[in-house]
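I opened this notebook to keep track of what I looked up, residue by residue and element by element. The entries follow the order in which I went through the chain.

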Amino acid sequence: MAIQPFFGKEERTESEIRLSKGPVLSLKWTDWIWKAFLLDGSDRDHPASNVFRPKVGLDIPGLKFPTTIVAVGGFDPLQDRQRSYYEELKRSGKEVKMVEYPNAIHAFYAFPMLTESSLVIEDMKDFMEKQLA
């Protein structure tokens, strides 16, 4: 389960620019996170942040990869990257499903008072039950 996966890239996406001052996750904050956690001298095109960058050397279609569900929030600045992750997995022949929560902010699942929080729990439960069936 990839609930709002956190990916980066040097080139900014439309959602990163449009939602650069998000209530939970801002562009300034994501830049700090990458700077703090990537190797010294690395940028957001490092394979740890940009897993589908050209010439990474990974044979994504050849990798054993579990069926995946990707959750995307409509007010998450990383939503374009999350959709791209879904599309790349799908293009690589992986079994993947995307669920979108148009009114959700980044980390919405951590706020039980938000309607989407209970929705994602239910969607993840349904996904797991289908995988076990």
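What follows are my entries on a predicted model, grouped by the part of the chain I was looking at.

**Entry 1, the nonpolar cores.** I began with the largest nonpolar core, which has 10 residues in all: Ile69, Ala71, Val99, Tyr101, Ala104, Ile105, Phe108, Val120, Met124 and Phe127. I then asked which elements supply it, and found that S2, S3 and H4 each give at least two residues to this core, with the largest share, four residues, coming from S3. I also noted a second, separate core of eight residues, among them Ala2, Val72, Tyr86 and Val96.

**Entry 2, Tyr101.** I looked up the contacts of this core member, leaving aside residues up to four places away in sequence, and found that Tyr101 touches Ala71, Val72, Gly73, Gly74, Phe108, Glu116, Leu119, Val120 and Asp123. Of these partners, Ala71, Phe108 and Val120 are listed with Tyr101 in the largest core, while Val72 is listed in the second one.

**Entry 3, Gly73.** Since Gly73 had come up as a contact of Tyr101, I went to it next and placed it in strand S2, which runs over residues 68-75. Is Gly73 buried or exposed? Its relative accessible area is 0%, so I entered Gly73 as buried. Beyond four places in sequence, Gly73 touches Gln4, Gln79, Gln82, Tyr101 and Ala104. I checked the last of these by distance as well, and the C-alpha atoms of Gly73 and Ala104 are 4.5 Å apart although the two residues are separated by 31 positions in sequence.

**Entry 4, His106.** I found His106 in the loop between strand S3 (96-105) and H4. I had to decide how to class a relative accessibility of 12%, and because the limit for buried is under 20%, His106 counts as buried. What does the side chain of His106 make a polar contact with? The partner is the side chain of Asp76, at 2.8 Å. With residues up to four places away left out, I listed the contacts of His106 as Gln4, Phe6, Val24, Leu25, Phe75, Asp76 and Leu78, and I noted that Gln4 is also touched by Gly73.

**Entry 5, Thr13.** Thr13 lies in the loop between strand S1 (2-3) and H1. Its relative accessible area is 15%, so I recorded Thr13 as buried. Apart from residues up to four places away, it touches Pro77, Asp80 and Arg81.

**Entry 6, helix H2.** I asked which residues of H2 (residues 27-37) are buried, and the list is Leu27, Thr30, Ile33 and Trp34. Why do I put them on the same side of the helix? They cover an arc of only 120° around the axis, and therefore they share one side of H2. The buried residues of H2 pack against helix H1 (14-18), whereas Lys28 and Lys35 are exposed on the other side of H2.

**Entry 7, aromatic pairs.** I found that the structure holds six aromatic pairs, and I looked at two in detail. The rings of Phe7 and Tyr85 have centres 4.7 Å apart and planes at 40°, so I entered this pair as tilted. The pair links distant parts of the chain, with Phe7 in the loop between S1 and H1 and Tyr85 in helix H3 (residues 79-91), 78 residues apart. Both Phe7 and Tyr85 are buried.

The pair formed by Trp29 and Trp32 is stacked, at 5.1 Å centre to centre with 0° between the planes. Both residues lie in helix H2, three residues apart, about one turn of the helix. I checked their accessibility separately: Trp29 has a relative accessible area of 41% and is partly exposed, and Trp32, at 46% relative accessibility, counts as partly exposed too. Ring pairs also link Trp29 and Trp32 with Phe37 into a cluster.

**Entry 8, Ser118.** My last look was at Ser118, which has its place in helix H4 (residues 115-132). A polar atom of the Ser118 side chain lies 3.0 Å from the backbone oxygen of Thr115. I also took a long distance across the model, and Ser118 and Lys35, 83 residues apart in sequence, are 33 Å apart from C-alpha to C-alpha.

Technical notes: Residues are numbered from 1 along each chain as its sequence is written. This is a predicted model: local features need pLDDT of at least 70, side-chain atom pairs count only at pLDDT 80 or more; totals for chains, interfaces and linings use all residues. Side-chain values use heavy atoms; hydrogens and water are left out. Buried means under 20% relative accessible area, exposed over 50%, partly exposed in between (1.4 Å probe, protein chains only). Contact means heavy atoms within 4.5 Å. A polar contact is a pair of N or O atoms within 3.5 Å; within protein, one must be able to donate a hydrogen and the other to accept it, and residues adjacent in sequence count only if both atoms are side-chain atoms. The arc is that of the directions from the helix axis to the C-beta atoms. A nonpolar core is a set of buried Ala, Val, Leu, Ile, Met, Phe, Trp, Tyr and Cys residues joined through side-chain atoms within 4.5 Å. Rings of Phe, Tyr and Trp (its six-membered ring) pair if their centres lie within 6.5 Å; planes under 30 degrees apart count as stacked, over 60 as edge-to-face and the rest as tilted.
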